[in-house]
Amino acid sequence: MNAKEKQLEFIKTYLKPTLKNFGFKTSGQTWWKDKGEFYTLINLQNFSWNTKEDVNFCFNVAIVLKAKIGKNKKPSCYDSTATIREGAYLPEHRKKHSFRNHSGYILKTTDDLNHFIEEFKINFENYILPELEKLNSIQDCLGFYSKYDFWFDVLKKDIEKYQIS
């Protein structure tokens, strides 16, 4: 199995079922969870330099305000108000390892897929998803994004613009 096939297998056997168990809906490589006035959104982004033997990708994790896109539209990463990469959710000791580099995750044809999934699972289920589960209100979102000045300001402006309480 080459790296691209391994990535597709990872998405099919681990990522989609796990996110479904956490209440996320999906369209392509984007998953979202309805939180009332907003969605939490996870988007898998592949990089242009990928080959069949070497796949690099990251996850854009975002807040999408329903008032901004309308209530009947599927949210997309283009609709997001505040977006950060998955690395922002990870402690320093998890930001780099054999399957992570400065741009996100890396999967090679020579890598063991089960080992990759084990390492990914630690990041996803111990750090990323628990933080997203804590975002249940607009105030929770403001609290979380307060440590990211730019995104905090963007979120706050959109909340005011769309008159969200």
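Contact here means heavy atoms within 4.5 Å. Keep that cut-off in mind; the structure is a predicted model.

**Exercise 1. Find which residues F10 touches, leaving out residues up to four places away in sequence.**

Step 1. Start at F10 and apply the contact cut-off of 4.5 Å.
Step 2. Skip residues up to four places away in sequence.
Step 3. Read off the partners: L15, F57, L113, F116, I117 and F120.

**Exercise 2. Place F10 in the largest nonpolar core, and say which helix gives the most to this core.**

Step 1. The largest nonpolar core holds 41 residues.
Step 2. F10, L15 and F116 touch the most other members.
Step 3. Several elements give two or more residues to this core, including helix 1 (3-21), strand 4 (54-65) and helix 5 (138-145).
Step 4. Helix 4 gives the most, with 8 residues.
Step 5. Another core lies apart from this one. It has 6 residues, among them W32, Y39, L41 and I69.

**Exercise 3. Describe the salt bridge between E133 and K33, and decide how accessible each residue is.**

Step 1. Recall that side chains of opposite charge can pair when their charged atoms come close.
Step 2. The closest N and O atoms of E133 and K33 are 2.9 Å apart. The cut-off is 4 Å, so the pair counts as a salt bridge.
Step 3. Locate the partners. E133 is in helix 4 (residues 113-133), and K33 is in strand 2 (residues 30-34). They are 100 residues apart, so the pair links distant parts of the chain.
Step 4. Buried means under 20% relative accessible area. K33 has 14% relative accessibility, so K33 counts as buried.
Step 5. E133 has 29%, so E133 counts as partly exposed.

**Exercise 4. Work out what the salt bridge of K66 and D34 ties together.**

Step 1. The side chains meet at 2.7 Å, N to O.
Step 2. K66 lies in helix 2 (residues 66-69) and D34 in strand 2, so the bridge ties together parts that are 32 residues apart in sequence.
Step 3. K66 is buried because its relative accessible area is 10%. D34 is partly exposed, at 45%.

**Exercise 5. Do the same for K68 and D158.**

Step 1. This salt bridge has its closest N and O atoms 3.2 Å apart.
Step 2. K68 is in helix 2 and D158 in helix 6 (residues 149-161), 90 residues apart.
Step 3. K68 is partly exposed, at 32% relative accessibility. D158 is buried, at 12%.
Step 4. Finish with the total: a search of the whole structure finds 8 salt bridges.

Definitions and conventions:
Residues are numbered from 1 along each chain as its sequence is written. This is a predicted model: local features need pLDDT of at least 70, side-chain atom pairs count only at pLDDT 80 or more; totals for chains, interfaces and linings use all residues. Side-chain values use heavy atoms; hydrogens and water are left out. Helices (H or I, at least four residues) and strands (E, at least two) are DSSP runs, numbered from the N terminus. Buried means under 20% relative accessible area, exposed over 50%, partly exposed in between (1.4 Å probe, protein chains only). A nonpolar core is a set of buried Ala, Val, Leu, Ile, Met, Phe, Trp, Tyr and Cys residues joined through side-chain atoms within 4.5 Å.
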